[in-house]
Amino acid sequence: MRTPLIAANWKMHKTLEEAVSFVSRFAVLAPERKIETVICPAFVHLAAVGEACRKNGIKLGAQNLFWEAAGAFTGEVSPPMLKDLGVDYVIIGHSERREHFAETDQQISRKVKAAFQFDLVPILCVGETLEQRRANRTMEVIAGQVSTALHGLNAASVRKMVIAYEPVWAIGSGLSAAGSDAGAAGKRIRAVIGEMFSLEAADAVRILYGGSVQAENIADFLRETEIDGALVGGASLAADSFARLVSRAQEAVTV
Ligand code: PGA
């Protein structure tokens, strides 16, 4: 049994005050959670948001990390620094990092390894661009991103990770993928992991869908047997819309 997971990716949003008050408001609006809930604020808010999350049974995630533990890497944040702040999860390879900061699959692979080394659970993001989709290359692109990112790991690590299928064209666009597209992507991701590691690891990995997820469509994704939750951007920014989404998700997984 895989525990459903909903993760909020706040990207570069919110002041410190907004970030902390979100958590207390969300906890009032969604007090009973069977679903694992993760909030990923900006680095500078991790300590304060983490404290509020711990009091309310919410897990803490970072949006990125660097692969070295320490050193002369101005502006970067290392895995042990995140661990020290009580971070549980770390988003790696988000399409905005790939696009605006030119992150490559090889760099993403180093980051995934570094996360495991310091006992952080990676939320690895993969997904095709609109151009790749139109060229019928979706499955090939996803399989390539997953196999490069996971190269050199072992089944015992891989089974713990989270992979978010996020079609680039669906992120922040209001155009989500169909539930069946997410399901097919999830199936392909498990097939790649099954070939590279083991069927047990393939079955244990949690796969999220991300890209314009809202309260109104979350059930379409959770209905898919291969999809275990969602990575949510826009709809995670207001406590009431995120609480609504989490409560719809909860209804969907208990049906
Ligand atoms: P969105 O973002 O929900 O605003 O589409 C998702 C993401 O970037 O993870």
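**Close-up 1. Helices α1 and α2 run roughly parallel to each other in this predicted model.** Helix α1 spans residues 16–29 and helix α2 covers residues 46–55. Their axes sit 9 Å apart and make an angle of about 10 degrees. Angles under 35 degrees count as roughly parallel, and that's why the pair gets this label.

**Close-up 2. Here are the side-by-side residues where α1 meets α2.** From α1 come Leu16, Ala19, Val20 and Val23, and they meet Ala48, Val49, Ala52 and Cys53 of α2. Sort the residues of this contact by type and you get eight nonpolar, with no polar and no charged ones.

**Close-up 3. Now for the shell of residues around the ligand.** There are 13 residues here, and those that come nearest are Lys11, His94, Glu166, Gly172 and Ser212. By type, the shell splits into seven polar, four nonpolar and two charged residues.

**Close-up 4. Zooming in on oxygen atoms of the ligand and their polar partners.** On lysine 11, a side-chain N or O atom is 2.7 Å from a ligand oxygen. Glutamate 166 also puts a polar side-chain atom 2.7 Å from an oxygen atom of the ligand. With glycine 234 it's the backbone that takes part: one of its polar backbone atoms is 2.8 Å from a ligand oxygen. As for cover, the ligand on its own has 280 Å² of accessible area, and the protein covers 95% of that.

Notes. Residues numbered from 1 in each chain as written. Predicted model: local features only at pLDDT ≥ 70, side-chain atom pairs only at ≥ 80, totals over all residues. Heavy atoms only, no water. Axes fitted to C-alpha atoms, helices over the stretch in contact; angles between N-to-C directions. Helix = DSSP H or I, 4+ residues; strand = E, 2+ residues; numbered from the N terminus. Parallel < 35°, antiparallel > 145°, perpendicular 65-115°, else oblique. Contact = heavy atoms within 4.5 Å. Nonpolar A, V, L, I, M, F, W, Y, C, P; charged D, E, K, R; others polar. Near = heavy atom within 4 Å. Polar contact = N/O pair within 3.5 Å; in protein donor to acceptor, adjacent residues only side chain to side chain. Areas by Shrake-Rupley, 256 points an atom, 1.4 Å probe, with all protein chains shown as cover.
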